[in-house]
Amino acid sequence: MEVTLARHTGVDLAVAAPPSKSLTHRALVVAALADGESEIVRPLEAGDIARTRTGLTALGIRVAGDADVLTVQGCGGRLPLDAPVVIDAGDSGTSLRFLTGLATLGRHPVTLTGSARMQQRPIGPLGDAVAALGGEVRYAGRPGFPPLTVRGPVRGGSVALPGDVSSQFVSALLIAAPCWPDGLALTLETPPVSASYLALTTGVMAAFGVEVRREEETFLVEPGRYRPTRYEVEGDWSSASTFFAIGAVCGGRVRVDHLDPASAQGDRRFLDALAAMGCRVRADATGVVLESDGVLDGAEIEMATSPDTVQNLAAVAAFARGPTTITGTAHLRYKESDRVAAIARVLRGFGAGVEVGEDRITVSSGPRRGHLTVDPVHDHRTAMSAAVLGLGSGDVTVQEAECVAKSFPGFWEALQEGGLV
Ligand SMILES: O=C(O)C1=C[C@@H](OP(=O)(O)O)[C@@H](O)[C@H](O)C1
Ligand SMILES: C=C(OP(=O)(O)O)C(=O)O
């Protein structure tokens, strides 16, 4: 499917954020380990969540329900596996990494694989940690990359790993850790990227009755049990960021409901970035409102903890009066696509100036270069950020627009209902 976007000014958009992808993944895998039946209220329904659900089913966990409530029959920390299994996580890094953690809790080999791109996304630090904690880890192809086969049981104990590639390795270990006989003392050798996601992990673990203690760069988890819980999923700040970006570049007013203004989601930071560029933002009891007169200033913004909104921020920066420098971008190279390269490709095609450094990207506005066709190369966030460019300036076609279904299947319908496509 292709979507062509025309320029809009003075928008007045009111939408609801979809449920959080990251919190739905976490609630599912933690509930799968709990000592009985949990309910997940208002889960996200999207491609990546379907991958986690299918993976859990392959591991012998029963998940049933619909868009309102999912019921998960937890296994009490011991996977009911009676034969080897293969799990295809597709393009979902969170599914692949979290299910690798769960695979340490069975006595049969679990093979985790994914799309061609997934086979280029690193998993070595997680594999090394699982092996150091007593598991068996084998790679079918390139060492340190999926497909990998994990076999438990793991005893747990002390381990160190780098924090600069993906926080998902840390989350995967923390989630499985209470089910290991020796628990876990995990020390980060380098400061964590995407650190806000670790707070989401410890928050969901706490909601299911397990505390993680932190002593400087070490996370400590005692052996214990997850308590079955009724868990309500809040709205997704990463998905909401595209609507705020549209408001910023088109000018006007955008209201997004179902967002917690005090959320632990790091992508809340996106609004601070837009405020620094000249937008007005305020929260009320049910959501968040952004107002913009469409005049934006460049800014210098650190985004290491909020990688999933960097493409939208770079798109907004292409409309600002001065250059914008976004720092903390090195780990964007390991996502559904190399997003540093994707930002440079798309924005240069648009006419903006883009300078790329090891851990920073500088974007300056420039004259439009005529009609822009964006191939997102299966990356949902590239497709959504291209919508920001199109609505802000017109003449943009997004190919393979359906790839947004990875995280936000209703994205284009929301724009259609708002009269923007
Ligand atoms: O734990 C999570 O839910 C996520 C962590 C982040 O990945 P990294 O930690 O690999 O940066 C983020 O980009 C991803 O979309 C979701
Ligand atoms: C990076 C993302 O997800 P994942 O790592 O789960 O594939 C994303 O949703 O932008």
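1. Helices (at least four residues) and strands (at least two) are here DSSP runs, numbered from the N terminus. In this sense D395 belongs to the loop between the helix α11 (380-393) and the strand β23 (396-398). The model discussed in this note is predicted. D395 shows a positive phi of about 65° although it is not a glycine. A residue is called partly exposed when its count of other C-beta atoms within 10 Å falls between the exposed limit of 12 or fewer and the buried limit of 20 or more. D395 is therefore partly exposed, because it has 17 C-beta neighbours inside 10 Å.

2. E216 may be read alongside D395. E216 also is not a glycine and has a positive phi, of about 50°. The loop that holds E216 runs between β12 (213-215) and β13 (218-221). Is E216 buried or exposed? E216 counts as exposed, because only 12 or fewer C-beta neighbours are allowed for that class and E216 has 6 inside 10 Å.

3. The overall division of the chain should be noted next. The chain is divided into domain 1 (3-18 + 236-417) and domain 2 (21-148 + 159-223). Each domain is thus written as two segments of the chain. The centres of domain 1 and domain 2, taken over C-alpha atoms, are 29 Å apart. The contact between them takes 19 residues from domain 1 and 20 residues from domain 2. On the side of domain 1 that touches domain 2, eight residues are nonpolar, eight are polar and three are charged.

4. The surroundings of ligand 1 deserve a separate point. There are 13 residues around ligand 1, and those that come nearest are S22, S166, S167, S194 and Y197. Two elements, α1 (21-33) and α5 (167-176), give two or more residues to this shell. Which element supplies the largest share of the shell around ligand 1? The largest share comes from α5, with three residues. By class, the shell around ligand 1 holds nine polar, three nonpolar and one charged residues. Both domains take part: domain 1 and domain 2 each give at least three residues to the shell around ligand 1.

5. Ligand 2 has a shell of another composition. The residues that surround ligand 2 are D48, D91, S92, G93, T94, D308, K335, E336, R381 and S407. How many of the residues in the shell around ligand 2 are nonpolar, polar and charged? The shell around ligand 2 has no nonpolar residues, four polar and six charged. Domain 1 and domain 2 each contribute at least three residues to the shell around ligand 2.

6. One sheet can be traced strand by strand. An open sheet of four strands has the order β4-β5-β3-β14, and its pairing is mixed. The edge strands, β4 (62-65) and β14 (230-232), each pair on one side only. From one strand to the next, the twist averages 20°. Strand β3 (residues 37-41) and β14 run parallel and are joined by three bridges. In this pair, E39 stands opposite R230 in β14. The helix α1 lies across β3, β4, β5 (69-73) and β14, and runs at about 170° to β3.

7. A second group of strands centres on β17 (residues 287-292). Strand β15 (residues 252-257) pairs with β17 in the antiparallel sense over six bridges, and D257 has G287 of β17 as its bridge partner. Strand β16 (residues 280-283) is also antiparallel to β17, with four bridges. Here A283 has V288 of β17 as its bridge partner. The connection from β16 to β17 is a hairpin of three residues. Along β17 the side chains alternate. V288, L290 and S292 point to one face and are buried, while G287, V289 and E291 point to the other and are not.

8. Several prolines lie in loops around β9 (148-151). P143 and P147 are both placed in the loop between β8 (136-139) and β9. P143 is exposed, because 11 other C-beta atoms lie within 10 Å of its own. P143 and G127 are 16 residues apart in sequence, and their C-alpha atoms are 9.5 Å apart in space. A cis peptide bond joins P146 and P147, with omega about 0°. The bond from G152 to P153 is also cis, and its omega is near -5°. P153 is found in the loop between β9 and β10 (157-161).

How values were computed:
Residues numbered from 1 in each chain as written. Chains lettered and ligands numbered in written order. Predicted model: local features only at pLDDT ≥ 70, side-chain atom pairs only at ≥ 80, totals over all residues. Near = placed C-beta within 6 Å. Nonpolar A, V, L, I, M, F, W, Y, C, P; charged D, E, K, R; others polar. Domains from an automatic or database assignment. Pairing = 2+ DSSP bridges. Axes fitted to C-alpha atoms, helices over the stretch in contact; angles between N-to-C directions. Contact = placed C-beta atoms within 7 Å.
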